[in-house]
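The exercises below ask you to read a protein model from its overall composition down to single side-chain pairs. Try each task before turning to its solution.

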Amino acid sequence: MTTTSARPFGSWLLGPADQQGLELRVRVQGLLTVSLVLANVIGAVIVVALSALVMPDPGPTDDAVLAAAITVPAYVVAAVLVGALWGTRGALRTLRWSTEGRAPTDAERRATLRVPLRLTAIQAVLWAIATVLFTVLAGVIQPELVLTEVFTVAFAGIVVCANAYLLSEFALRPIAARALSDKLSEIVPRRSPGAGVNVRMLLFWCLGTGVPVAGLMMVALFAGVRGNVSTGRLALGVVALGGVVLCFGLLITVFTARAIVAPIHSVRDALRRVQHGDLDVEIPVYDGTELGLLQAGFNRMAAGLRERERMRDLFGRHVGEEVAAAAMVNTVELGGEVREVSVLFVDVVGSTALAAARPPAEVVDLLNRFFAVVVDEVDTHHGLVNKFVGDAVLAIFGAPGELDDHAGEALAAARAIADRLGREVPDCAAGIGVATGEAVAGNVGDRRRFEYTVIGDPVNEAARLTELAKGIPGRLVASWAAVESAGAAEADRWRSTDDVTLRGRNRPTTLAVPRA
């Protein structure tokens with residue numbers, strides 16, 4: 001199977017779909033570490049910005065500034081190191097099955113899909129500790145800063161958690177694809193294994209819009225409770241928080257949009273390839289929501305199309321392309337209709353002696369070369385190879401599809417087969433007979449097992465002509481009725497000879513052979 005593009009997981013950062021072992025471990029570990037560090041750095045910047053711009057009048061004392069200058073960088077660095085090491089090492093232990101190149105157990109699969117939530121929980125714990133620590137520190141040094149510290153650190157912690165979840169989920173797409181492949185690519189369940197798109201969208205609305213707007217309301221509330229905040233300070237705080245809201249909301253929206261659009265794009269690209277006839281395509285399923293079910297549904301559809309195409313091909317090989325196409329379009333029923341057809345019968349001369357004188361494998365190879373010539377010429381002249389009868393072939397022209405000059409096509413095919421067999425398979429002589437007339441063409445058998453065939457006088461006549469042809473030069477005989485039914489161009493290539501009453505028939509048949 002082939003993936004849909006050079007970026008199977010939606011980004012070149014995530015690498016190819018077939019990466020394994022050390023390459024996969026290094027890539028995932030690097031992306032997770034960078035993601036967690038970046039999320040914490042963004043949180044630290046927000047803390048500093050809000051602490052500087054949303055502080056009440058009067059500002060912090062010298063002791064508060066000194067304490068913040070020492071503790072904030074120290075804690076942020078420690079939190080980044082502890083969070084990155086704690087989170088990535090724990091995640092890699094959970095994901096060890098993927099680097100070992102084996103299929104996950106059900107427990108490992110569930111744990112893998114929870115890794116983004118686990119990393120987010122670690123960041124939440126670290127920032128909750130930071131909120132308590134800096135609130136206590138503010139209460140000891142400058143109590144009027146307590147509400148500001150609670151607000152700024154908690155708000156930054158929410159930003160960090162949201163970014164940590166989105167970035168870690170992005171980094172883990174190659175692993176999620178392996179975890180979900182066995183469960184979602186073959187059988188589409190009723191519910192996705194992860195949080196649904198609705199839950200994800202509501203969560204990110206709360207983080208990107210609800211919480212920031214609540215922060216603006218808190219600034220206004222602080223100003224009303226304190227009563228000592230100037231208009232300029234309030235305006236500055238609102239502008240600063242509004243800027244953070246705009247940037248943070250944009251970041252959340254971009255990450256969320258990419259997380260939703262990437263699986264849809266993968267399905268769109270795969271559908272385009274299927275539309276152009278490429279059924280050998282499979283999408284990596286890396287999303288645990290309904291979008292993952294969409295990807296898995298496409299894979300299941302493509303597998304069904306491949307199976308349907310394989311069955312159609314096999315069906316066509318067994319019964320002929322025209323019969324297969326008609327069976328797929330129309331309701332298949334037993335019985336048939338009377339049609340004017342031409343029948344070509346080809347039978348190997350001395351097949352019993354041939355089988356006795358040669359090894360079975362050599363006989364099969366010889367017959368396959370013989371059949372290849374017959375099938376090729378019948379297809380070229382728009383006929384249908386109806387069946388193989390041991391070492392003989394029955395071909396029909398004019399059924400199931402209409403053929404304007406079925407007699408001319410059958411006669412031309414017979415001449416071409418006789419010529420090619422003499423040149424390409426000289427050690428496999430065959431008698432060839434062609435007859436034209438009315439026959440019943442349709443499905444014969446039982447509803448549980450039937451086949452398409454023709455039954456009637458031209459079939460019997462062609463078989464008898466083939467027996468006769470085995471004993472004459474050229475080994476090709478047709479009925480004069482077939483020549484008279486053919487177009488002028490082909491009829492001019494034949495001449496009539498004797499009138500012969502064939503075995504099992506009560507009236508003579510005028511024979512025709514090709515002109516020299």
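## Overall composition and confidence

The protein chain of this predicted model contains 17 helices and eight strands.

**Exercise 1.** Determine what share of the protein chain is buried, and where the model calls for caution on account of pLDDT.

*Solution.* Begin with burial: of the 516 residues in the protein chain, 45% are buried. The accessible surface amounts to about 25600 Å², and carbon and sulfur atoms account for 61% of that area. Next, consider how the chain contacts itself: among contacts between residues at least 6 apart in sequence, 73% join residues at least 24 apart. Finally, turn to confidence, where the mean pLDDT of the chain is 77 and 81% of its residues reach 70 or more. Over residues 184-193, however, pLDDT stays under 50, although the model has 29 contacts beyond four places in sequence for this stretch. Where pLDDT is low, predicted coordinates should not be read in detail.

## A hairpin

**Exercise 2.** Describe how strands E2 and E3 pair, and find the residue with a positive phi in their hairpin.

*Solution.* First locate the strands: E2 covers residues 384-389 and E3 covers residues 392-397, and the two pair in the antiparallel sense over five bridges. One pair of bridge partners is Val-385 and, in E3, Ala-395. Then inspect the turn, which has two residues between the strands; here Gly-390 adopts a positive phi near 65°.

## A nonpolar surface patch

**Exercise 3.** Identify the residues that make the nonpolar surface patch, and the elements that give two or more residues to it.

*Solution.* The patch, of about 340 Å², is made by Val-82, Trp-86, Val-125 and Ile-129. Helix H2 (62-94) and helix H5 (115-141) are the elements that each give two or more residues to this patch. Taking one member as a check, Val-125 lies in helix H5, and because its relative accessible area is 41%, Val-125 counts as partly exposed.

## Salt bridges

**Exercise 4.** For the salt bridges Glu-337 to Arg-339, Asp-427 to Arg-358 and Glu-467 to Arg-503, work out the exposure of each partner and, for the second and third pairs, which parts of the chain are linked.

*Solution.* The structure holds 17 salt bridges, and the three pairs can be taken in turn.

1. The side chains of Glu-337 and Arg-339 meet at 2.8 Å, N to O. Glu-337 is partly exposed at 45% relative accessible area, whereas Arg-339, at 10%, is buried.
2. Asp-427 and Arg-358 form a salt bridge at 3.5 Å, N to O. Asp-427 sits in the loop between helix H14 (406-424) and strand E4 (430-446), and Arg-358 in the loop between helix H12 (351-357) and helix H13 (360-380), so the pair ties together parts that are 69 residues apart in sequence. Both side chains belong to partly exposed residues, with relative accessibility of 34% for Asp-427 and 25% for Arg-358.
3. In the salt bridge of Glu-467 with Arg-503, the closest N and O atoms are 2.9 Å apart. This pair links distant parts of the chain, 36 residues apart, since Glu-467 is in helix H15 and Arg-503 in the loop between strand E7 (494-500) and strand E8 (509-514). Glu-467 is partly exposed at 40%, while Arg-503 is exposed at 53%.

**Exercise 5.** Name the residues that are linked in a network of salt bridges.

*Solution.* The network links Asp-376, Glu-377, Arg-420 and Glu-424.

Note on methods:
Residues numbered from 1 in each chain as written. Predicted model: local features only at pLDDT ≥ 70, side-chain atom pairs only at ≥ 80, totals over all residues. Heavy atoms only, no water. Patch = residues over 30% accessible without salt bridge, like charges linked within 9 Å, V, L, I, M, F, W, Y side chains within 5 Å. Areas by Shrake-Rupley, 256 points an atom, 1.4 Å probe, with all protein chains shown as cover. Salt bridge = Lys/Arg side-chain N within 4 Å of Asp/Glu carboxyl O. Helix = DSSP H or I, 4+ residues; strand = E, 2+ residues; numbered from the N terminus. Buried < 20%, exposed > 50% of the residue type's maximum accessible area, 1.4 Å probe, protein only. pLDDT = per-residue confidence, 0-100. Contact = heavy atoms within 4.5 Å. Pairing = 2+ DSSP bridges.
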